[in-house]
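Biologist: Can you pull up the model? I'd like to go through one helix and then the pockets.

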Amino acid sequence: MAAVRRKFGDEYQAVGPAAGGGRRERQRFVDKNGRCNVQHGNLGGESSRYLSDLFTTLVDLKWRWNLLIFLLTYTVAWLVMASMWWGIAYLRGDLHRAHDDTYSPCVANVYNFPSAFLFFIETEATIGYGHRYITERCPEGIVLFLFQSLLGSIVDAFLIGCMFIKMSQPKKRAETLMFSRAAVVSQRDGKLCLMFRVGNLRNSHMVSAQIRCKLIKSRQTPEGEFLPLDQCELDVGFGTGADQLFLVSPLTICHEINSKSPFFCLSQRSLRSEQFEIVVILEGIVETTGMTCQARTSYTEDEVLWGHRFLPVMSLEDGFFRVDYSQFHATFEVPTPPYSVKEQEENLSLSSSWNSPVDNKTRKEKVCSLDCIDIAEEKNKLPFKLQKISSRKEDLPKRVLRMSSSNTGKTCSTGDLLNIQEMSSISNGEDSDDRIQLKALRMNAEA
C-alpha cells in the first residue's frame, strides 16, 4: 500500500521543486486548455491495434507528421510507378530504338527514366500534353495503366480525405469557448454553491450544449484499496435541466453543496488542506458545420475562491445587450459562512431542538413526572402513622397538582412538590386536613 501511494499518490499531489517553502504546484490531470496529461506506455504487442485503424491514427497525428506522410506517400508512389514504366520500356528495348521511325514502341517518346516519370505524371494528373502516349501494340502497358488508375484513386481518396477531416475538426472551435480562470464558493438562494462561468466568443451558437463536471480525488476504500484518480460526478442540474445550456451570453454554472455533494464536509479552513481537481466538460454541436465540439478545463483547490462572486458582464444598450468580456474573470468578496454545510446543518438542528416549545414542554413534563415519582418513593419511607394519615385522606400531592393546574393552568414544579413533602413530613399527625390545604393554597399563591 505504501508503494502504491508513493507511485501514484505523491506524483499526483506535487511535482517540481518547492518555491520558497510554499505549496508546490502539483501535476494536473487536465490542463487549463483541455489537454489531458496522460501518456500510454509499455503497450507491447498491443501497438498493432493502431495499424488496424490506420485512418483514425493518421487523423490523430500532429500536423507536421500528417504533412510528412502526405508528401512521402505521393513521392514514393510516383517513383515506383515511373520505375515500372521505365522497366517495361527497358525490357522491350524501346530505350535503344526510340528514335527509329519504323519501330512502334510501347510508349512513344520515352527515352530514359525522366521521360518515363513525366509520362506517369501526365497520366496520373490527366494533363495530356499529347507528346507521350501508349500504343496499341503494348498489352502490358495497358494493364499497368489500369493498375495505375486504380491505385491513384485509392491513394487520393485516403490521403485527401484524411487531410480534409484533419482540417475540418472542430477542435479549434473550442478555442472560442471561454471558462473562468477560477471557481467561487458563495451563497445563492440561501444555499452554499460552487460556481464557475462559461462564455461563447462567436456569434454562431452551440446547438444542444451540455455541461458536465467530474471531481478527481484520491481516496482509500474501506477495504484498504487506494484509488489515485477516483472520478465522482458533480451535479450541475441534471434533474432540473440546468445542464442544458443556451449559450448566447456568459452563464454561471452552479453546483449546490448538499448532503449528496462530495463537498458536504468542505469548509473554508479544510479547503486549504484538500487536494482535488474539478474537470469541466462542455459539449455541443457547431452550428455552421454540424460537427460535435468538446471544450475542457479544470480547477484545482488553489483556484477555488471561498466567499467570492463573479462580477456582472451584461449591460443593456440601445436596442441590444452588451457583454463586457474584460470583466469575465473578475470576482469580488461577499459575506459567506466559513463553515461547511454539514456543520451548518448540525448547528441549526441543535439550536432548533433547544428553542422548540414542544421540546421544552416535553422536557418539563418529564421533569415533573420524575419529581412526582421521587415524592411517591419518599412517602413510602415515612413512619407508619403518617402513612396511615396520608392513606386515609385523598392523595395530597395529587390534590395539590389538580388545584394548581385548575388555578394557574401550568404544570407543577419540583420546588412545590418538595415543599409539600416537607410540610407533610413535619405535621406529625397533629395538623388537620383543613390546615394542610390552607398552607398548600398559600404556597401555590406565593409561587
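Modeller: Here it is, and keep in mind that this is a predicted model.

Biologist: What span should helix 5 have, at 1.5 Å a residue?

Modeller: Helix 5 covers residues 113-124, so its 12 residues should span 16 Å. The end C-alpha atoms are 16 Å apart, which agrees.

Biologist: Which residues of helix 5 are buried?

Modeller: Ser 115, Ala 116, Phe 119, Phe 120, Glu 122 and Thr 123. Down the helix axis they fall within an arc of 165°, so they line one face of helix 5.

Biologist: Why would residues three or four places apart point the same way?

Modeller: Because an α-helix has 3.6 residues a turn.

Biologist: And what do the buried residues of helix 5 pack against?

Modeller: Helix 4 (63-92) and helix 6 (139-167).

Biologist: What about phi just after helix 5?

Modeller: Thr 126 has a positive phi there, about 50°.

Biologist: On to pockets. How much space lies in the largest pocket?

Modeller: About 1300 Å³. It is lined by 32 residues, and Asn 33, Arg 35, Lys 171, Glu 175 and Arg 296 are the closest to its centre.

Biologist: Which element gives the most to that lining?

Modeller: Strand 9, with 6 residues. By class, the lining of the largest pocket has 12 nonpolar, 10 polar and 10 charged residues.

Biologist: And how much space is in the second largest pocket?

Modeller: About 450 Å³. Of its 22 lining residues, Asp 235, Gly 237, Cys 254, His 255 and Glu 256 lie nearest the centre. Strand 7 gives the largest share of this lining, 5 residues.

Methods
Residues numbered from 1 in each chain as written. Predicted model: local features only at pLDDT ≥ 70, side-chain atom pairs only at ≥ 80, totals over all residues. Heavy atoms only, no water. Helix = DSSP H or I, 4+ residues; strand = E, 2+ residues; numbered from the N terminus. Expected span 1.5 Å × (residues − 1). Buried < 20%, exposed > 50% of the residue type's maximum accessible area, 1.4 Å probe, protein only. Arc of directions from axis to C-beta. Contact = heavy atoms within 4.5 Å. 1 Å grid on protein atoms, 1.4 Å probe; cavity = no way out; pocket = protein on both sides within 12 Å on 5 of 7 lines; lining within 4 Å. Points joined across faces, edges and corners; volume = space filled by probe spheres on them. Nonpolar A, V, L, I, M, F, W, Y, C, P; charged D, E, K, R; others polar.
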